[in-house]
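Student: Please take me through this model step by step, and say what each term means as we go along.

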Amino acid sequence: MKKIEAIIKPFKLDDVREALAEVNIMGMTVSEVRGFGRQKGHTELYRGAEYMVDFLPKVKVEIVVADSEVEKCVECITDTAQTGKIGDGKIFISNVERVIRIRTGEENEEAL
């Protein structure tokens with residue numbers, strides 16, 4: 001099993017969720033996060049004063065899937081979240097050793 005963490009632009013969340021649902025990925029965890037990469041923030045004007053905004057709002061989508069579903073999930077996220085502009089985000093994939101569904105005690109892929 002793998003954990004896919006995708007950091008995307010907030011306005012792309014609904015599109016990504018719908019695209020993942022179309023490939024039968026229903027469960028996910030979503031967090032509002034802030035950060036920056038190469039875009040290094042931007043400047044804004046507030047009451048006539050210019051100030052630097054270092055951390056930009058992003059959304060982190062976390063999904064745990066069977067190994068066989070990783071590529072279709074990654075493709076789905078990249079195709080949907082990509083705008084072609086700086087700040088589109090990143091996808092991180094890591095191994096998951098064990099999953100347990102608390103309610104039933106099911107483990108691993110049966111718990112997904």
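Student: Which residue's side chain meets that of R101 in a salt bridge?
Tutor: A word on the ground rules: this is a predicted model, in which local features need a pLDDT of at least 70 and side-chain atom pairs count only at pLDDT 80 or more, while totals for chains, interfaces and linings use all residues. Residues are numbered from 1 along each chain as its sequence is written, and side-chain values use heavy atoms, with hydrogens and water left out. A salt bridge asks for a side-chain nitrogen of Lys or Arg within 4 Å of a carboxyl oxygen of Asp or Glu. R101 satisfies this with an N to O distance of 2.9 Å, and its partner is E106.

Student: Does E106 count as buried, exposed or partly exposed?
Tutor: The answer depends on relative accessible area, where buried means under 20%, exposed means over 50% and partly exposed lies in between (1.4 Å probe, protein chains only). R101 has 27% and is partly exposed. E106, at 33%, likewise counts as partly exposed.

Student: How many salt bridges does the structure hold?
Tutor: Another of the pairs is K72 with E69, whose closest N and O atoms are 3.9 Å apart. Here K72 has a relative accessibility of 35% and E69 has 25%, and each counts as partly exposed. The number of salt bridges in the structure comes to seven.

Student: How far apart in sequence are the parts that E5 and K60 tie together?
Tutor: The side chains of E5 and K60 meet in a salt bridge of 3.6 Å, N to O. E5 belongs to strand β1 (residues 2-8) and K60 to strand β5 (residues 56-65), so the parts that this pair ties together are separated in sequence by 55 residues.

Student: Which of the words buried, exposed or partly exposed fits E5?
Tutor: Its partner K60, with a relative accessible area of 21%, is partly exposed. E5 has a relative accessibility of 18% and counts as buried.

Student: In what pattern do the helices and strands follow one another along the chain?
Tutor: Helices (H or I, at least four residues) and strands (E, at least two) are DSSP runs, numbered from the N terminus. The chain has two helices and six strands. Read along the sequence, they give the pattern β-α-β-β-β-β-α-β.

Student: At roughly what angle do the axes of α1 and α2 cross?
Tutor: Axes are lines fitted to C-alpha atoms, for helices over the stretch in contact, and angles between N-to-C directions run from 0 to 180 degrees. The axes of α1 (residues 13-22) and α2 (residues 70-81) come within 9 Å, and they cross at roughly 145°.

Student: How many nonpolar residues does the contact of α1 with α2 have?
Tutor: Contact means heavy atoms within 4.5 Å, and Ala, Val, Leu, Ile, Met, Phe, Trp, Tyr, Cys and Pro count as nonpolar, Asp, Glu, Lys and Arg as charged, and the others, Gly among them, as polar. For the pair of helices crossing at roughly 145°, the contact is made by D15, V16, A19 and L20 of α1 with C73, C76, I77, T80 and A81 of α2. By class, one residue is polar, one is charged, and the number that are nonpolar is seven.

Student: How wide an arc do the buried residues of α1 cover around its axis?
Tutor: What covers the buried residues of α1 includes β1, β5 and α2. The buried residues in α1 are V16, A19 and L20. They lie on the same side of α1 because the arc they cover, taken from the directions from the helix axis to the C-beta atoms, is only 100°.

Student: What phi does N24 take?
Tutor: Most residues other than glycine have a negative phi. N24 sits in the loop between α1 and β2 (29-35), and at 61% relative accessibility N24 counts as exposed. Although N24 is not a glycine, its phi is positive, at about 65°.

Student: How far apart in space are I4 and V65, C-alpha to C-alpha?
Tutor: I4 lies in strand β1 and is buried, at 0% relative accessibility. Leaving aside neighbours within four places in sequence, the contacts of I4 include V65, C73, I77 and F92. I4 and V65 are 61 residues apart in sequence, while their C-alpha distance is 7.8 Å.
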